[in-house]
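The following exercises concern a ligand site and selected residues. Each task is followed by a solution in steps.

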Amino acid sequence: MTDQALVNLAFEMHRYSYVPYSHFPVGAALLCADGTVFTGCNVENAAYGSTICAERTALVKAVSEGHRDDFVAIAIAGQGEDFCWPCGPCRQMLFEFAPNLHVLVARKGGDFVTLELSDLLPHGFGPKSLE
Ligand code: THU
């Protein structure tokens, strides 16, 4: 799975985004070491704070199907002019399972940047912090 293919899967998830309030679809695609990909979209709610981001949708789908310690990369795709940077809670949730995750962040038009989760969440608090 190339980076570009993972980004493409994230963009394809816009079709399922439920965004009647923000009208801002976000898609995510989370790659596991065995090649399995879990996709996700944002799912909004009339009680706005109950909204679930695309990244957390993908992550929770993966964990609920037995994946925990084999995440390699996640692609996140938005339709804004700026890159679709993952929000704070999504960074934290990803850090729990994959502090060394590669993160591909895309924007309208399809171009994307690649960076590390540790760049987005330096000195993160995770399971090791509780030892
Ligand atoms: N959103 C995501 O899906 N992921 C992020 O990391 C940032 C924000 C969604 C939530 C909401 O449905 C919309 O983008 C606008 O905030």
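**Exercise 1.** Determine which polar contacts (pairs of N or O atoms within 3.5 Å) the ligand makes with alanine 54, glutamate 55 and cysteine 87.

Solution. Step 1: a backbone N or O atom of alanine 54 is 3.0 Å from a ligand oxygen. Step 2: in glutamate 55, a side-chain N or O atom lies 2.6 Å from an oxygen atom of the ligand. Step 3: a polar backbone atom of cysteine 87 is 2.9 Å from a ligand oxygen. Step 4: alone, the ligand exposes 380 Å², of which the protein buries 78% (Shrake-Rupley method, 1.4 Å probe).

The model is predicted: local features require pLDDT of at least 70 and side-chain atom pairs pLDDT 80 or more, whereas totals for chains, interfaces and linings use all residues. Numbering starts from 1 along each chain as its sequence is written, and side-chain values use heavy atoms, without hydrogens and water.

**Exercise 2.** Classify the residues of the shell around the ligand.

Solution. Step 1: the surrounding residues (a heavy atom within 4 Å) include Ser22, Phe24, Trp85 and Pro86. Step 2: the shell divides into seven nonpolar, three polar and two charged residues.

**Exercise 3.** Locate histidine 23 and histidine 123, and state whether each is buried or exposed.

Solution. Step 1: histidine 23 sits in the loop between H1 and S1, and its positive phi is about 55°. Step 2: histidine 23 is exposed because its relative accessibility is 60% (exposed means over 50%, buried under 20%). Step 3: histidine 123 lies in the segment after helix H4 (117–120), also with a positive phi of about 55°. Step 4: histidine 123 is exposed because its relative accessible area is 83%.

Key
Polar contact = N/O pair within 3.5 Å; in protein donor to acceptor, adjacent residues only side chain to side chain. Nonpolar A, V, L, I, M, F, W, Y, C, P; charged D, E, K, R; others polar. Helix = DSSP H or I, 4+ residues; strand = E, 2+ residues; numbered from the N terminus. Buried < 20%, exposed > 50% of the residue type's maximum accessible area, 1.4 Å probe, protein only.
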